[in-house]
Each structure stands twice: as structure tokens, then as C-alpha cells.
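Hi there,

Here is the structure I promised to pass on to you. Have a look at it first, and then read on for my notes.

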There are 2 protein chains.
Amino acid sequence: MPTIKDVALAAGCSTATVSRALANPEKVTEATRKRVASAIAKVGYSPNLAARNLRRSESRTIVVLLPDIANPFFSEIIAGLEDIAHREGYRVLLGDCEHDTGRAKAYFDLLPTNQADGIILLTAEIPLTLVTQQARGSQIPLVMACEYFDQLALPTVRIDNPLAAARAVEYLASLGHQRIASITGPMQNPICIDRVKGYQSEMARQSLAVNPGWIVEGDFGFLSGYQQGQVLLAMPQEHRPTAIFCHSDEMAIGLMKAARDASIQVPEALSVIGFDNIGLSEYCQPELTTVSQPRDEIGRCAMRLLLDVLRKKQVPHQQVLSTQLIVRASTTQAPKS
Amino acid sequence: MPTIKDVALAAGCSTATVSRALANPEKVTEATRKRVASAIAKVGYSPNLAARNLRRSESRTIVVLLPDIANPFFSEIIAGLEDIAHREGYRVLLGDCEHDTGRAKAYFDLLPTNQADGIILLTAEIPLTLVTQQARGSQIPLVMACEYFDQLALPTVRIDNPLAAARAVEYLASLGHQRIASITGPMQNPICIDRVKGYQSEMARQSLAVNPGWIVEGDFGFLSGYQQGQVLLAMPQEHRPTAIFCHSDEMAIGLMKAARDASIQVPEALSVIGFDNIGLSEYCQPELTTVSQPRDEIGRCAMRLLLDVLRKKQVPHQQVLSTQLIVRASTTQAPKS
DNA sequence: GATCTTTATGTAATGGATTACATATGATAA
DNA sequence: TTATCATATGTAATCCATTACATAAAGATC
């Protein structure tokens, strides 16, 4: 592999000039710039980034931590993130934590050694100490997207979860539903807490009673939706919910399977709302009513925010993007009971 | 950030000794090893990998190229890959090519500059020249998984696609189906060509005629399954297939939606087989009969293979893993016509 | 005891790009 | 014409870990 020395030799100048021609073209004559350019082409040079990173103490790598790559919800966010990153000359290192905090620590450790310049957190399922410890010495370049720690005022891109949940419940209430249940995500997760709050406040606003048994906890996956769906649907007829708001589309689809197993017709006997609007939600049976998040835009915003942090720009603490209720076939008028 | 010099100072030895204590502990006395260890703990040292990589000209990073992160089929493969990689001290850089060859080239360019040590290709949708060009000078550390170039004898982990397709067709034939169609993946893709071959040879073995209109090309996604499904189901009754073998689960689910739209009952009037056994296939309606690939194992094998290549071990050219037909509710006896 | 090994450690070169500082060149002003 | 300044380029130090080579100390052999 040719080095900058080879280029300097071929161009008849010093390595410093070659370096300048690349990094600060305005500091070099038109003529030398051209000579360097053709020398580079001739010897087939491309800079050794290990050396550059060592010297500049940066890596142009952004770590993106997520709880589970397999979750299709994240893929479009990632696409948005990567698009901005590549455009700005950054690389994205995806870190799948698989709910394993050891992994997360390993990724955080890339920062002080200049193997990564910043972190975007798509999960709050990491030890809080990782964030605070490091932030103590010097503010680490960290941006959260979708999820957040409510104890910490980190730059965050997110949706208004209480509002989105309230809208979903409001819609169900407008269809005449009174017994509205919810299958939540993990309840240590602030976004789930917020959605439950939105659910509860809207139920109150609609003067609807909330049976404590109607709030059940899942983990966003198909299976937990199925299992918790079985629990909800096994309730005695007079308590059984006629509508269920799920914190993810996968759980909603799991729930619909549980309904099929119990011979409960969706939407006639049970309305279902999901969350996220993943690709699948248009292809399941019945098509799923769901809360759509602007995933691509979330990714783009988060990466722009982080790059601004790296460039020491002032950044807004919170960026709240809007959601949309997408009505499809899994919701309808409440059954007459 | 403390450097190796700080450690040397704290331990009262030279940097060389510190380096050896870390890399070749057996070359150092028990006593110094301990002194170094406690010095490291004291100053909070962790090696600067940019410097190490520069010196060793390696990066301990493996690039994994895939056509589309959003495709859940890949996520479990990735999980397998990453598990092995992390265990062996390697990092995984996921490269989403999004069917865009420019991106692929950018990732290949990481190799000569020692930003990556090797590549695992989960896609054949890249310019072949990328592989051959580089391979000319010196064999680049490259392993393929799932997909392959049939022109090239690269180390590959894969399944027996013709056989898997033939088994699916055989099963449909055993149910009495005679008009069996197929929605394929992109036909420039060798795995799809092989599956079509398997389909055709099994059809021949079963003495079943193949209407050329029964082989339609999709792109593995929901939508293409839906659209091509509409085409197949719009055929006149006497030519319309009673069973369709799809090259992906997403297409199979798209197809089932097309069938619902056309009021064609699955499986009573139409049997559907998918491919991959993604999580969703158990939760769609009806549950999908599909060909399962050992995805986790494919990932593990591929990474082990690549690490063996990097360690200059002899590696087998082909590693063929077995598939399994998972019978669920989307297939049944052919309708009497 | 003298010589040869073996083992532990230190010294200094190395990898490749960047950049502070030094120098040379040409332009501008007095 | 000479002094002053701006601009272009070169020299060499720097980033940090690794490792070839040198050296010193301890042990083995006759």
C-alpha cells in the first residue's frame, strides 16, 4: 500500500505539502494541487486512517447502541442515521446490546481510546452509571433517540409518548370502547411509563374506569403480545377489554394471534392498536391500526444533533417529532354488550 | 487519557516491558507482571487502538456486507457472527449496501488501509470486480454466507438451495398439487437461480408441467410478493396455481394478502410455502409453512471461517448446512378441481 | 573461574499522517 | 534599492504502541 511519502516523491514535494493539498487545498498553489492529485492517482494512494486517527485523535466513527438489531423498528432509524453519517464522512458502528449491559460498557469504552467519537443511544436499557460516570469528567458526545432517561437532560430526539398514547385511547373511546386495556413494553423503560401515563390520563379524561388488570407488561416482542393477550382475553366476559392498545406492532400481532386462538374476531369483538407502523403492519390480517413514528427522520435528527455536539455547536435539549395515528382494519366500533 | 508511558512510569519500568506484560506475559517475571497490572489499574490505562493498529497493521474489525439491514432474515445471522467475533476479540462493522454498489466499494476500500481485516459477504449484489480485482494481487480475506458467486470458488457457508426448493415442491406434490408456481427473488441472484433449478427439476421428477407464467420474479419484500401474487392469482381458473413456493417469507405473506384481497382461501384454495422461517411466520394468519435455515449457525460458521482465513489456516471451500421444512397451516391438500 | 546460555529488561526505530515552526520566494511599499 | 509582509513549501516533532536489537544479570557447564 503506497503511503504519503510515495505520493510526495511522485509529486516532487514534501509529505507536508501532500497532506495540505488534501486537507487544506487553499493553502497550496493550484499547480501543486494538480501535481499532487495526479501523483495520488498514479500511485493509487489512499490515506491510512489508523495513522490519521492517531494523530488527530478522532476516529470519525459513531457508535449506535440498540437493544436488538432483530427488531425491524430500528432498521429505518438506522438507515436515516447512516445516510447523514456517510454524507458527513462518518462511519457507523452498530452495537447490539442484546439486553446485555456488558456489551454496552465495551462500546462506551471505545470513546476514551478514540475508537469512536460519539454515541447515539437507541436504548435506555444500559446502566445509567455508564452515562453519568463518564459525563462527570467531560461531557461525552451522546445523543439519545426514541428512548430517554428522565433523570438526565441529554440531547434527545423523541416523540411525545404520553400524547401519542392519549390519541390512541381517544380514538378507541370515540369508537365507543369503554373497556380499553394496554399491553406495555418493559415498565422500567421511560417511554413505556410515559405511554401508560398518557393512557391513564386519557382514560380519566374520558371518564373511563381502568381495571388494574388491564395494564399488562410485555417486552415488545411477538411472543409477549401473544402471552399477555391470552391473559387479557381470558378475563370474564364482563371485564374483558373490547380494545387493546399495544406498545409495539409485534405485540399487537401476537395479540391478534391470541384472539384468533380464542375465536375472538378482530376487529368486530376486539379492536387492536399497535405502535411503530413497521412494514409488516400493512400485511397482517387484519391490517393493523397503529401509531406511526417518523423513524427515518428520527435517525437523521439524532445524527445531525450528535455531529453538532461534536462540532461544539449549541444544540437543543429536546427535539420532539410528531406521530400519526394510522387507521387500518384492526379497529372498529365497540361491540354492543 | 493515560498512555503506556504513564504506566511505565508508575510501574518503574520501560514501555517495552509494559507492552510485553500485556501481549506476552510469559516473557516477563511474575513480579513485574504484577507491578504492571497494578500500575495499569492505578493510572486507568487502556491501550490506544489507533496506535496499535497502525503498528500492527491490523484493525481487528470485520466488515459484514448485507443488502438490507431492515430484512429480519439477517438479524439472527448477524447475532451469530457477532457472538463469535466478540469472543475472539474482533469488532463487527455492519455495512448496509442498500442495493447501492457505491457503498460496497467504500467498504471494500477499508481493507487495504487496514481499517478492516476481512469481509463477510451476505449478498452477491455487488460488482464482481470488487472481489476479483482485489483478489488478483493477494487473496483478500473474504467469506460468503448464504449467497455465492458461482463463477468464483470463495470460502462459502450456505445451504443446498436446489435441494431445499425441491423438498418444498415435493411436499406440495405429495399433497396432490399439480399447478405449482413460484415467486422468486431477483433472478441475477445465484441462490434464486438454484432454487428455480431445484423447483424445475422436482417438477420434472414429479412429471408435472411448468407453465412459464408460473415463475415470477420478486425482490424478497412484502410488496413484491403482493404484486406478483396478484399476477398469479389473476390467471384464468384452469391455469391458476393451487400452490405457490416463495423464495422468502415476506413475499409469502404479501402473497397471502393478495389472496385475501381476491377472496381466495389459504390454504383451502391455495397452499403457500415461504423461505427463511422469520419470527413473523409463526404469527401471520394462517401460520406459514416455510423452509428454515439455521441462521445463527450460518453466522457462526462464516465468522469462524473468516477468522481461520485470517490465521492462514486451511479452510474448506464450501460448508453446506442443512435446511428443514417447517409445516404449519398455510399448506394443505390440493383442492378438487 | 572462564565461557556459554538463557532470561529479563531497556533503548530506540518503526508505522503513516499531521502540523508547529522555519525558511525561501515573490510582492508591496517607502 | 531595501525593508516588510504575505504566501508557499520544507523540516522535523508528534501521536502511541510494538518490537528488533542491545545489554545486563543470572544460571549452566566443564
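Around DNA strand C there are 25 residues, and those that come nearest are Ile4(A), Arg52(A), Arg55(A), Thr17(B) and Arg55(B). Of the atoms of this strand that come within 4 Å of the protein, 62% are sugar and phosphate. Please keep in mind as you read that this is a predicted model.

Some individual contacts are worth finding on your screen. Arg55(A) has a polar side-chain atom 2.4 Å from a base oxygen of DNA strand C. Phosphate oxygens of DNA strand C feature as well: one is 3.2 Å from a polar backbone atom of Asn48(A), and one is 3.2 Å from an N or O atom in the side chain of Thr32(B). Two or more residues of the surface near DNA strand C come from each of α2 and α4 of chain A and α2 and α4 of chain B. The largest share belongs to α4(A), with 5 residues. By class, this surface has 11 nonpolar, 9 polar and 5 charged residues.

Now for DNA strand D. It is surrounded by 23 residues, the closest being Thr17(A), Arg55(A), Ile4(B), Arg52(B) and Arg55(B). Sugar or phosphate makes up 62% of the atoms of DNA strand D within 4 Å of the protein, and bases make up the rest. Which parts of chain B should you look at here? A phosphate oxygen of DNA strand D lies 2.4 Å from a polar backbone atom of Ile4(B), and one lies 2.5 Å from an N or O atom in the side chain of Arg52(B). For Asn48(B), a polar backbone atom is 3.3 Å from a phosphate oxygen of the strand. At least two residues of the surface near DNA strand D come from each of α2 (15-23) and α4 (49-56) in chain A, and from α2 (15-23) and α4 (49-56) in chain B. That surface divides into 9 nonpolar, 8 polar and 6 charged residues.

Finally, the cavities. The whole structure holds 4 of them at 30 Å³ or more. The largest has a volume of about 310 Å³. Its lining counts 19 residues, with Asn53(A), Arg91(A), Asn53(B), Arg91(B) and Gln115(B) nearest the centre. Two or more lining residues come from each of α4 and β2 (91-96) of chain A and α4 and β2 (91-96) of chain B. The lining has 6 nonpolar, 11 polar and 2 charged residues.

The second largest cavity holds about 40 Å³ of space. Among the residues lining it are Phe73(B), Phe220(B) and Asp249(B).

Enjoy exploring!

Methods. Residues are numbered from 1 along each chain as its sequence is written. Chains are lettered from A and ligands numbered from 1 in the order in which they are written. This is a predicted model: local features need pLDDT of at least 70, side-chain atom pairs count only at pLDDT 80 or more; totals for chains, interfaces and linings use all residues. Side-chain values use heavy atoms; hydrogens and water are left out. A residue is near a molecule or strand if one of its heavy atoms lies within 4 Å of it. A polar contact is a pair of N or O atoms within 3.5 Å; within protein, one must be able to donate a hydrogen and the other to accept it, and residues adjacent in sequence count only if both atoms are side-chain atoms. Helices (H or I, at least four residues) and strands (E, at least two) are DSSP runs, numbered from the N terminus. Ala, Val, Leu, Ile, Met, Phe, Trp, Tyr, Cys and Pro count as nonpolar, Asp, Glu, Lys and Arg as charged, and the others, Gly among them, as polar. On a 1 Å grid over the protein atoms alone, a cavity is a set of points where a 1.4 Å probe fits but cannot get out, and a pocket is an open set with protein on both sides within 12 Å along at least five of seven lines; lining residues have an atom within 4 Å of a point. Grid points are joined across faces, edges and corners, and a volume is the space filled by probe spheres set on the points.
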